[in-house]
Amino acid sequence: MKRLRVAIDGPAGAGKSTIARRVAEALGLLYVDTGAMYRGITWVALQKGIDPVDAGALASLARDVHMELRPEKDGVRVWIDGKDITPFLRDPRVSRAVPVVSGVPAVRGRMMELQKELARRGGVVMDGRDIGTAIMPDADVKVFLTASLEERAKRRVKELRGYGHRIDPDQVGRDLAERDRADAAREFSPLVKAPDARLIDTTGRDVESVVQEVLTLCRTRLLKGEE
Ligand code: CDP
Ligand code: CDP
């Protein structure tokens, strides 16, 4: 079977990780959550007391950090310098600082290098903001997932409550909108739909129907590859 490469991009809360993980499972591919990589380095920076606008300190951190993504049954776990930091990735302080940290060219450069290395092996479903444009511009299947801001905020509120965080739903909506704005305004590999990506609006749709739509795109591509 062809070593399929699937790129899934879109704004926060569009369902990228949920859909990407399910598609990877169904096709026996590796799932790579690139957002978790940016969240991981942001958490470590905050722990070390590094200011998210201190590009010099972040550049050294990005160079020296040892990051591993370990796929497990309940999802991908992120290990940094020998410690599993997955439980901290959704901390609201990380969510607020991550678009600043991810905009630092040295941080992006390092993360992109690691992601391209994983992409080269193929057999991968990768989700993020710049996968179809910068990491795998020649991916076999490219999807840009979206949903209304209102629906994405509702989903995130539900998720955060599940993690036990105390939250203000209006603040969650404002934070999502601000993060999308920063991600789209970034100079270096911003959040943008690749011209050849399939746009899927998931507003009002359940997970299963979106998974099936992406799987159909993948299977069609696989069949074409065998012709
Ligand atoms: O899950 P959610 O959509 O909230 O975010 P995420 O995928 O975990 O990504 C967190 C942040 O990492 C984004 O808001 C971006 O600032 C950054 N990111 C990026 O710059 N490029 C990527 N390929 C993935 C994430
Ligand atoms: O990775 P991203 O931030 O794009 O989204 P996520 O972390 O996968 O979260 C999306 C949430 O919306 C999850 O709780 C899903 O169960 C839910 N959801 C979805 O992903 N897709 C739908 N069509 C409907 C709901």
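Biologist: Where is the place of Ala 12, and what makes E1 (5-9) a strand?
Modeller: Ala 12 is in the loop between strand E1 (5-9) and H1. Strands are DSSP runs of E with at least two residues and helices are runs of H or I with at least four, numbered from the N terminus, so 5-9 is called strand E1. This is a predicted model: local features need pLDDT of at least 70, side-chain atom pairs count only at pLDDT 80 or more, and totals for chains, interfaces and linings use all residues. Residues are numbered from 1 along each chain as its sequence is written, chains are lettered from A and ligands numbered from 1 in the order in which they are written, and side-chain values use heavy atoms, with hydrogens and water left out.

Biologist: Which residues does UniProt place in the feature "binding site"?
Modeller: The unreviewed UniProt entry gives Gly 10, Pro 11, Ala 12, Gly 13, Ala 14, Gly 15, Lys 16, Ser 17 and Thr 18. From this set, the lining of the largest pocket takes in Ala 12, Gly 13, Ala 14, Gly 15, Lys 16, Ser 17 and Thr 18. A pocket is an open set of points on a 1 Å grid over the protein atoms alone where a 1.4 Å probe fits, with protein on both sides within 12 Å along at least five of seven lines; lining residues have an atom within 4 Å of a point. Such annotations may be inferred rather than shown by experiment.

Biologist: How do you know which residues surround ligand 2?
Modeller: A residue is near a molecule if one of its heavy atoms lies within 4 Å of it. For ligand 2 there are 16, and the closest are Lys 16, Ser 17, Thr 18, Arg 156 and Arg 205.

Biologist: What makes the pair between Lys 16 and ligand 2 a polar contact?
Modeller: A polar contact is a pair of N or O atoms within 3.5 Å, and the side-chain N or O atom of Lys 16 is 2.8 Å from an oxygen atom of ligand 2, so the pair counts. The backbone joins in too: a backbone N or O atom of Gly 13 lies 2.9 Å from a ligand 2 oxygen, and a polar backbone atom of Gly 15 is 2.9 Å from one. Of the 530 Å² of accessible area (Shrake-Rupley, 1.4 Å probe) that ligand 2 has on its own, the protein covers 82%.

Biologist: Why is ligand 2 said to sit in the largest pocket?
Modeller: Sitting there requires more than half of a molecule's atoms to lie within 2 Å of the grid points, and ligand 2 is assigned to the largest pocket, so it meets that test. Helices H1 (16-27), H7 (149-162) and H9 (207-226) each give two or more residues to its shell.

Biologist: What about ligand 1: which residues are the closest?
Modeller: Among its 19 surrounding residues, the closest are Arg 39, Arg 108, Arg 156, Arg 179 and Asp 183. A polar side-chain atom of Lys 16 lies 3.1 Å from a ligand 1 oxygen. Nitrogen atoms of ligand 1 pair with side chains as well, at 3.0 Å for Thr 34 and 2.9 Å for Asp 130. The protein covers 99% of the 520 Å² that ligand 1 has on its own.

Terms used: Polar contact = N/O pair within 3.5 Å; in protein donor to acceptor, adjacent residues only side chain to side chain.
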